Amino acid sequence: MRKIYLDNNATTPVHAEVLEAMLPYFSEDFGNPSCVHWAGVNVRKAVNKAREQVASLVNCSPSEIVFTSGGSESVNTAIKGIAAARKGGSSHCVTTMVEHPAVFNSCRYLEREGFKTTFLEVDRSGMLDLSELEAALTENTVFASVMYANNETGVIFPVGKIGEIAAEKDVCFICDTVQAIGKVPVNFRELPVDMMTVSGHKLHAPKGIGALIVRSGVRLLPLIHGGPQEKNRRGGTENVPGIIGLGKACELARKDLEERQARIRSLRDALETGLKEKVRNVKVNGHPVQRLPNTLSMSFDGVFSELLLPELNRKGVAVSAGSACSSESREVSRVLSAMGLDSTTARSTIRFSLGSQNSREDIDYVLEILPPLVDRIRSERNAHLRANP
Ligand SMILES: Cc1ncc(COP(=O)(O)O)c(C=O)c1O
């Protein structure tokens with residue numbers, strides 16, 4: 001069976017060069033980087049090199065990087081760490097209705113701990129009203145957490161402006177950059193962001209490795225207490241092979257970021273244009289321009305994704321309904337609901353997310369097999385409705 005993977009916002013395959021770079025750190029270079037003997041010293045050097053590779057991709061100082069187990073841990077460390085380190089009685093935070101559950105549920109957790117959270121609404125294109133953000137920030141606000149790019153729709157937020165508003169009010173700005181890094185240039189030095197997140201498996205490194213970038217001077221309590229690793233910001237012996245893999249993946253992502261993404265964008269656009277031409281009553285969700293180059297969220301009127309997804313899967317095409325994390329639950333996507341989609345339309349939505357391994361042939365194949373599947377599901381539905389008026 002032909003296999004076409006269009007779910008790169010869920011995860012990406014590990015790059016062959018990343019795997020190759022990691023392998024020695026499972027066997028001959030097995031040392032603990034905290035040890036000062038021969039077995040540890042070389043590993044420490046390799047970890048330092050990986051730190052520099054990550055720093056070069058996002059333009060931060062290597063000392064601003066805290067390696068973690070992934071995007072979720074990075075977010076939890078940022079949100080809970082800044083909340084725990086706050087001074088005085090401040091206990092308010094601001095986030096949006098369309099954040100990844102790592103952010104959304106960390107804020108919900110803080111609410112149970114006595115925090116107040118303002119969840120900002122978005123408009124139909126998934127965008128924030130910046131005047132609402134400004135109004136929400138008070139002298140009691142400890143942090144604002146707004147994502148760089150949405151995992152379901154690819155909508156890109158005006159992070160520069162958001163950071164400026166937060167800085168004017170002296171509020172710490174956490175930006176979940178998990179979906180943006182490796183897809184668009186993200187420059188920590190030039191952004192008014194205090195902390196941002198990296199997840200290895202979204203950029204061809206393995207699962208279970210990530211990073212939190214913390215601007216120097218930001219006071220943060222650790223989420224994981226333990227040894228002095230990561231300058232006391234994250235206890236526990238480092239995931240050395242994962243760190244080496246993340247470093248290599250960042251080096252590769254940096255190499256030809258713009259050409260690679262231009263190619264992915266043209267494939268995504270071909271998919272979008274082709275589907276609009278070949279399938280009646282479809283709608284693209286999210287901002288038409290301020291969007292990741294690889295992501296297409298499309299609603300197919302009258303075609304529930306729980307029917308379309310298995311049909312596509314049978315033909316070898318892997319896509320998601322909304323986000324990967326919610327694909328097992330039948331709950332309607334919080335993100336799409338926040339954008340004003342009714343529950344039927346939200347349930348009829350597919351997320352295509354492309355990656356560097358995709359080709360024009362993949363897109364042509366989807367454009368060939370998907371329209372007849374939609375037609376079939378629609379006519380079966382119409383027949384059912386006629387039989388059961
Ligand atoms: C925007 C965003 N933030 C955070 C995460 C969590 O990352 P991880 O899977 O590495 O825990 C994801 C993963 O889908 C994501 O899309």
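Which residues does Met 195 touch, not counting residues up to four places away in sequence? Keep that in mind for the third view; everything here comes from a predicted model.

**View 1. Two domains, one chain.** The domain assignment splits the chain into domain 1 (4-12 + 257-387) and domain 2 (16-255). Domain 1 is thus written as two stretches, 4-12 and 257-387. Taken over C-alpha atoms, the centres of domain 1 and domain 2 sit 28 Å apart. Where the domains meet, domain 1 puts in 32 residues and domain 2 puts in 35 residues.

**View 2. The big core between the domains.** The largest nonpolar core counts 89 residues, and Phe 143, Tyr 148, Met 195 and Leu 246 have the most contacts inside it. Both domain 1 and domain 2 give residues to this core, so it lies between them. As a rule, nonpolar side chains in soluble globular proteins tend to be buried together.

**View 3. Zooming in on Met 195.** Here's the answer to the opening question: Met 195 touches Ala 78, Ile 82, Cys 172, Phe 173, Ile 174, Cys 175, Phe 188, Leu 212, Ile 213, Val 214, Val 218 and Leu 220, leaving aside residues up to four places away in sequence. Met 195 is also one of the residues with the most contacts inside the largest core.

**View 4. A second core.** Separate from the largest core is another one, made of 28 residues. Val 303, Val 319, Phe 352 and Leu 367 are among them.

**View 5. Around the ligand.** The ligand's neighbours are Gly 70, Gly 71, Ser 72, His 100, Met 147, Asn 151, Asp 176, Val 178, Gln 179, Ser 199, His 201 and Lys 202. Sorted by class, this shell has two nonpolar, eight polar and two charged residues.

**View 6. Polar contacts to the ligand.** Ser 72 brings a polar side-chain atom to 2.7 Å from a ligand oxygen, and Ser 199 has a polar side-chain atom 2.7 Å from an oxygen of the ligand too. Gly 71 joins in through its backbone, with an N or O atom 2.8 Å from a ligand oxygen. On its own the ligand has 390 Å² of accessible area, and the protein covers 88% of that.

Notes: Residues are numbered from 1 along each chain as its sequence is written. This is a predicted model: local features need pLDDT of at least 70, side-chain atom pairs count only at pLDDT 80 or more; totals for chains, interfaces and linings use all residues. Side-chain values use heavy atoms; hydrogens and water are left out. A residue is near a molecule or strand if one of its heavy atoms lies within 4 Å of it. A polar contact is a pair of N or O atoms within 3.5 Å; within protein, one must be able to donate a hydrogen and the other to accept it, and residues adjacent in sequence count only if both atoms are side-chain atoms. Accessible areas come from the Shrake-Rupley method with a 1.4 Å probe; for residues, only the protein chains shown count as cover. Ala, Val, Leu, Ile, Met, Phe, Trp, Tyr, Cys and Pro count as nonpolar, Asp, Glu, Lys and Arg as charged, and the others, Gly among them, as polar. A nonpolar core is a set of buried Ala, Val, Leu, Ile, Met, Phe, Trp, Tyr and Cys residues joined through side-chain atoms within 4.5 Å. Buried means under 20% relative accessible area, exposed over 50%, partly exposed in between (1.4 Å probe, protein chains only). Domain bounds come from an automatic or database domain assignment. Contact means heavy atoms within 4.5 Å.
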